[in-house]
Amino acid sequence: MKANKWLSTAVALTLVGSVAAGCATKQDAAQPSAPSNSGDTSKPAAPAKPQELKINVAAEPPVLDGSKLTAAIGYTMLNEYNSGLYRIDKDGKAQPDLAAGDPTVSADGLTWTFKLRDAQWADGQPVKAQDFVYAWKRTLDPATKAQYSFMVAWIKGGDEILKSKTPDELKKAMDNFGAKAIDDKTLEVKLVRPITFFKELMGFQVFFPQREDFVKQAGDKYGADADKVIGAGPFKLVKWDHGQSLEFVKNDKYWDAKSVKLDKFTVQIVKDTNTGQNLYETNAADVTEIKGDQIKLYQGKPDVALKPELTNSYIMFQTKKNKAFGNAKIRQALALGIDRQAFVDVTLANGSVAATGLVPNGTADGNGQEFRKSAGETEPKFDAAKAKQLLADGLKEAGMTSLPQFKLMADDTETAKKQLEFIVSQWKTNLGVDAVADPVPHALRLDKSSKHDFDAVLSLWGADYNDPMTFLDMWETGGEFDEGDYSNPDYDKLIKGARESADPAARSKMLVDAEKILMNDMPVAPLYFRTRVYLKRPSIDGMFLPAYGVEWEVRWASVK
């Protein structure tokens, strides 16, 4: 692998040396005192700190196309160079961004009208209501193959676009779509059913605007390089050195540019956390994630920033292409054959907790309670003996004498490789099963998953909004993210019922019952609910680490 250009001096520093130096940064050069005969006893003003940040990330976004993105890291980048009607603040509240204020909502909750403020794209062209309509139609167009199209289909007429089979059907559906530009500054949206959190949803990057002329000019290269993206956000992407870094600068055309304090931030792609730590210690990075033993070295220091997330990690089984994984008992056996607590302790040690179901701790249930408290523990505990019996029973049902060797795919990051090693070892020790660790680049893992091209895959899912539906509707038959081809009519019925229910208590119960079915069928085997630990310069103000959505937000950040 080609060494990153900006690592040369930092990596030369050993881990021991960097820890011995603690978290101290280089002191500013001493300021000369005023001459004694000047008569001026005041101290010279300290030079202003450069308003620049260097942020390490573990993976490069595969593309920066708002219609085609699925990975959190991509949405994080998109969120900084583009804007939606609203932007989510540190408290999880939707603040007006390209919208001039709050929407007007009809009494039945189905029609939402947004007024746009005077805003510009980074090249100076005005942002128009039609830019939102175009973006949403493009996401829904079957030719785009957007995995998040199902969410845009909550707008009236969206399903008809998705299901169009001929050009005539598509044109008719597009013409009847429920989002309309009444004029350049007025956007009217009609929903299929009331969505109480629709305003907050407008801060999700899938709903950000796109410029039709720019998208068409870029063609199939749209979102692939710095000169193939454009936004109306607080920053501009000016350089993308693939595999190395992405460079962003302040966007002077942003409607609220006067309140954006950072002049520049650089995203550095660093897969190894030890390398990231060394970069931090040598002032070659200002923000980096740490894990395991690294965390102990910084306990009690002001650099540590915790990020509890509405994110789960799970193994997804391909139930159609792999004969063995079409059997629920075999899937259950593999799930029960992993000691999840030991997995968290050995491979993470960062505050993440062993999963007790699919939906992570902290997720609201839509009825005033926390979902995990309402549902309890729905995932069976680690039990090697029971796992062996389930495997024997499952193989018999499937007409097989043994479980053929299979691949477990994951990202090729340092942590993912460690997790692959742990899981493969557990299956061998507890079940006598031979699995092959298959670490691949992040973009390839996403691509193969979307094509259902795997035996089993280690995945992560972060909430798009704070509700259990963001985790549970993924597994509906034929759903865009049902990449394991799971299908259960009883599960589908509960999800459909919850989606249409206006009774919060009944809806919550349906979602709990749906998770119980899922944990019995085990098309996915949840492993842990994620917490992440970062090192962040104490001098950084206004940057925050959201529990869901993007990985970090620097629109309000500054360097003190």
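Counting secondary structure is a good way into this predicted model: the chain holds 20 helices and 19 strands. How do these elements pack together overall? The radius of gyration of the chain is 25 Å, close to the 24 Å that the globule rule gives for 560 residues, so the chain is as compact as a globular protein of that length. If you would like a feel for its outline, the C-alpha trace spans about 95 × 60 × 45 Å along its principal axes.

Now let us look at how the chain is put together inside. Of the 560 residues, 54% are buried. Contacts tell us about the fold too: among those with a separation of 6 or more, 69% join residues that are 24 or more positions apart.

Turning to the outside, the chain has an accessible surface of about 24,300 Å². Carbon and sulfur atoms account for 51% of that surface. As for charge, you will find 73 positive and 77 negative side chains. The centres of these two sets lie 1 Å apart.

What does the database record say about the chain? UniProt, in an unreviewed entry, lists residues 94-480 as "domain: Solute-binding protein family". In the model, this span is 32% helix and 20% strand, and the C-alpha atoms at its two ends lie 27 Å apart.

With the overall picture in place, a few single residues are worth a visit. Start with Lys-49, which sits in the loop between α2 (15-20) and β1 (52-57). Is Lys-49 buried or partly exposed? Its relative accessible area is 37%, and because partly exposed covers the range between under 20% (buried) and over 50% (exposed), Lys-49 counts as partly exposed. To place Lys-49 against another part of the chain, take Gln-277: the two residues are 228 apart along the chain, and their C-alpha atoms are separated by 23 Å.

Next comes Asn-283, found in the loop between α10 (273-281) and β11 (287-290). Its backbone deserves a look, since phi of Asn-283 is near 60°, a positive value in a residue other than glycine. Asn-283 is also partly exposed, at 24% relative accessibility.

Our last stop is Asp-485, in the loop between α18 (469-472) and α19 (489-500). Here too the backbone angle is the point to check: Asp-485 is not a glycine, yet its phi is positive, at about 60°.

Definitions and conventions. Residues are numbered from 1 along each chain as its sequence is written. This is a predicted model: local features need pLDDT of at least 70, side-chain atom pairs count only at pLDDT 80 or more; totals for chains, interfaces and linings use all residues. Side-chain values use heavy atoms; hydrogens and water are left out. Helices (H or I, at least four residues) and strands (E, at least two) are DSSP runs, numbered from the N terminus. The radius of gyration is taken over C-alpha atoms; the globule rule is 2.2 Å times the number of residues to the power 0.38. Buried means under 20% relative accessible area, exposed over 50%, partly exposed in between (1.4 Å probe, protein chains only). Contact means heavy atoms within 4.5 Å. Accessible areas come from the Shrake-Rupley method with a 1.4 Å probe; for residues, only the protein chains shown count as cover. Lys and Arg count as positive and Asp and Glu as negative; His and the chain ends are not counted. The place of a charge is taken as NZ of Lys, CZ of Arg, CG of Asp or CD of Glu. UniProt positions are given in the numbering used here, feature names are shortened, and annotations may be inferred rather than shown by experiment.
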